[in-house]
Amino acid sequence: MKSTARVVVIGGGIAGCSTLYHLTREGWTDVVLLERDELTSGTTWHSAAQVTNFGMTQTMVGLKSHSIALYKDLADDADYPINYHHADGGLRLAQTEAQMDGYRHFASMARGMGVDFEVIDAEECARRHPLIATGDLIGGLWDPLDGDIDPAQLCQALVRRARKAGAEVYRHTPVSGLTQHPDHSWTVHTGKGDIDCEVVVNAAGYRVNEVGAMMGVHHPVASMEHQYFLTENIPAIAEAGHRMPLIRCPISDFYCRQEKQGLLVGFYEQDCRTWGMDGIDPHFTNALCPDDLERVTDVLEGAIARLPALGEVGIHTIINGPITYTIDGAPLVGPVPGTRNAFCIIGLRAGLGEGGGHGWLLAQQIVHGEACYDTWVIDPRRFTGHANVEFTAVKAIEDYQNEFRFHFPNEHRPAGRPAKTTPLTPVLAAEGAEFTVVNGWERVEYIKPAPHFRPTLGFRFDEAFDVVAAEVAAVQDAVGLAEVNGFNRLEITGADAHDFLDRMFCGTVTRRAGRVGLAYLLNAHGMLKSEATIANLAASDRGPARVWYGSAAASEFHDMDWLSGHILPGEDVRIRSLTNDQTILVLAGPRAREVLAGVARGDWSKSAFPWLSVRECFVGIAPATVMAVSFSGELAYEIHLPNASLYAAYLALREAGAPHGMRLFGARAVDSMRMEKGFLHWKADILTEFDPYETGLGRFVKIDKGDFVGRDALRQRRAAGPRRKLVTLALDCTHAPAHPGASVMAADEVAGTVTSGGWGHRTGLNLAYAFVTPELAAPDTSIAVDLLGARVPARVVEQCSYDPDFSRVRA
């Protein structure tokens, strides 16, 4: 066995085999795969192995399209063909118009990735799948490339190609330990010897946390028992003259596909159970769990009602095996949080169908630092400190129970809540708050007009529209108060802190005490990595001179890893997280200054505390740090408070605000107002697929200021010109917002993709942000958005459609 390698991949299922193969495709051939038993002896061997193009984000559609193309190439390899039933077609069924709206949106989104889905009615569903009953159906979504593949053959084919390129595979070689060295390299310990390597990849399937423990980390992955059975032959299948399409049914929680002349039928029962929570037998390989069909009786009854032929045929074989889930159902593919030179490709509940694409994107990240797509939807750092074992398990159960029921916009499912709260959470709940979830935090979405107020879930404007409008009006005309919890806050100190930040950001980073600035991080390719507010705090009795770095709540692990990984040897820079210690109260509106002056000593006039200032003070008796910044486009202050003093500050502000008509507002109102101002959301509009010039942030770049991360690459990109430009669109409709991923159309061609959408209550505009081809980016350009199956006229408007000279913010 080799004693050194560039990369060691641990695990010989689809995740590990795909990663190994794609590493060689990216040019890294000094790579090794270690498997504790035989290849595919974990979940892979008993997978139902369906290969669909369907995904709920463009990244997921893109990686699945890569999987399909790769598998077709492998199947057509004359030297080593594999069994792949390509393009049998597949149906996702619907019995409500809201579900059909969802399918229309997903078809629009997929179109932007070169994938053509069809939204069809119930009669057409029956024509394409002659075994189904359609009495309660409205229609469904048709995926023409749906199919299934042989799991073992697929993995062997990937390994065969990897070996031909120079990779090595060692079976029956369990990993017993991992040691990381001061230079961040690794030694992988096995019973057959050690391997020194630069990079370790955890692809260990349901044993993910056994390998994670060797690194000193826990991954939010849990296993669920999953059952399917194979039927005896069904005469109607043989008589059909073609293979049966696949079915996925959110009504009765089952799926089925053809297997020889019968059906393979799988179940997502409500009475489901986790597996392996208290440890896994080391000898559990090529093994299954005990059958338990009684647990799926209710789901089976629904399947028989949908496919009456099932009630007339015997069961040939029952399979019950573990499959892995994460908190949101999407896998964890990318860097291991808080650990250098360590990656994972885990939690692949649909591993066979997606694994080709996951390994492709991971290999790009390992070799190049980023993938061709923004991979946040599968990034392991999207879950932070709340993602413990119990939380993961209850979310896995919930996701399993809703396998084929996609999330609607503004749908917040109940499992695992509340995970993160502040002292104000019960107070705001008593005020009638409806909560959304941001990185586990319970954040106010809006204040309900009545205790039992529940908007209809769907892709159209709902009953909360007028509620949000009233909150926006209060902020515009008087003053509003909102809690913004979970905001990522890092305190940066040390003699080299400002030089470090200047090197990290592409623009000017203010060094003046008492001032605040907005700045952008780039990756090595000149693409946008993150956005941050930088506040310089002077030395005081609360601490030495220091910088506060603030960014999106979801970026907590992401930004810490990026910044700490760039501190040079000998550089005096220290970074400490305050994210879970402090919370922000936002005071916004033309009367905000009067309210603040009523609770905090000092001169808060425009001349004494202008826009983009920061000051320490007391709000009532609560120690506070106040920043004059605004995400709403109104005069506003962010009041940063220790959680221990949060309630005291809240009471003081509510009392001072009462004479001014102060009203609570929530995240939906904020989102409406930020759209009108042209303000962007990280990982919605700020993506690693685009540079700051393409994203309309060129004013924040100082290309000649000196060296900074990504400068040389950005210069080359600027010289080459933009591939896309981010624009603001005004849609000519009032029934629905544009949803992320919707295709922008010019004639019959896809010309761009929506990133955010929402109603601007101050402007009366239905707004959307979209990346479009440069020739369509000029204001007043007419264009269309494929919105819920209809071409909606739209026009390009100025990025800031409300108070473009920022006079209200500077008031």
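Q: Which residues does UniProt list for "domain: Aminomethyltransferase C-terminal"?
A: The structure shown is a predicted model, and the name of this domain comes from an unreviewed UniProt entry. In the model, the end C-alpha atoms of the span lie 26 Å apart, and the span is 0% helix and 56% strand. The residues that UniProt lists for the domain are 724–803.

Q: Is helix α17 largely enclosed or not, and how many of its residues are buried?
A: Helix α17 covers residues 667–677, which makes 11 residues in the helix. Among the buried ones are Arg-668, Ala-669, Ser-672 and Met-673, and what covers the buried residues includes the strands β22, β36 and β37 together with helix α12. The helix is largely enclosed by the rest of the structure, because the number of its residues that are buried is 8.

Q: Which residue follows α17?
A: The buried residues of the helix include Glu-676 and Lys-677. The residue that comes after α17 has a positive phi, near 80°, and is Gly-678.

Q: Is Asp-196 buried, exposed or partly exposed?
A: Asp-196 is found in strand β12, which spans residues 193–202, and among the residues it touches are Ser-3, Thr-4 and Trp-186. Its relative accessible area is 39%. Because buried means under 20% and exposed means over 50%, Asp-196 is partly exposed.

Q: What distance separates the C-alpha atoms of Asp-196 and Thr-179?
A: Along the chain, Asp-196 and Thr-179 are 17 residues apart. In the predicted model, the separation of their C-alpha atoms is 9.4 Å.

Definitions and conventions:
Residues are numbered from 1 along each chain as its sequence is written. This is a predicted model: local features need pLDDT of at least 70, side-chain atom pairs count only at pLDDT 80 or more; totals for chains, interfaces and linings use all residues. Side-chain values use heavy atoms; hydrogens and water are left out. Helices (H or I, at least four residues) and strands (E, at least two) are DSSP runs, numbered from the N terminus. Buried means under 20% relative accessible area, exposed over 50%, partly exposed in between (1.4 Å probe, protein chains only). Contact means heavy atoms within 4.5 Å. UniProt positions are given in the numbering used here, feature names are shortened, and annotations may be inferred rather than shown by experiment. Lists of a residue's contacts leave out its neighbours within four places in sequence.
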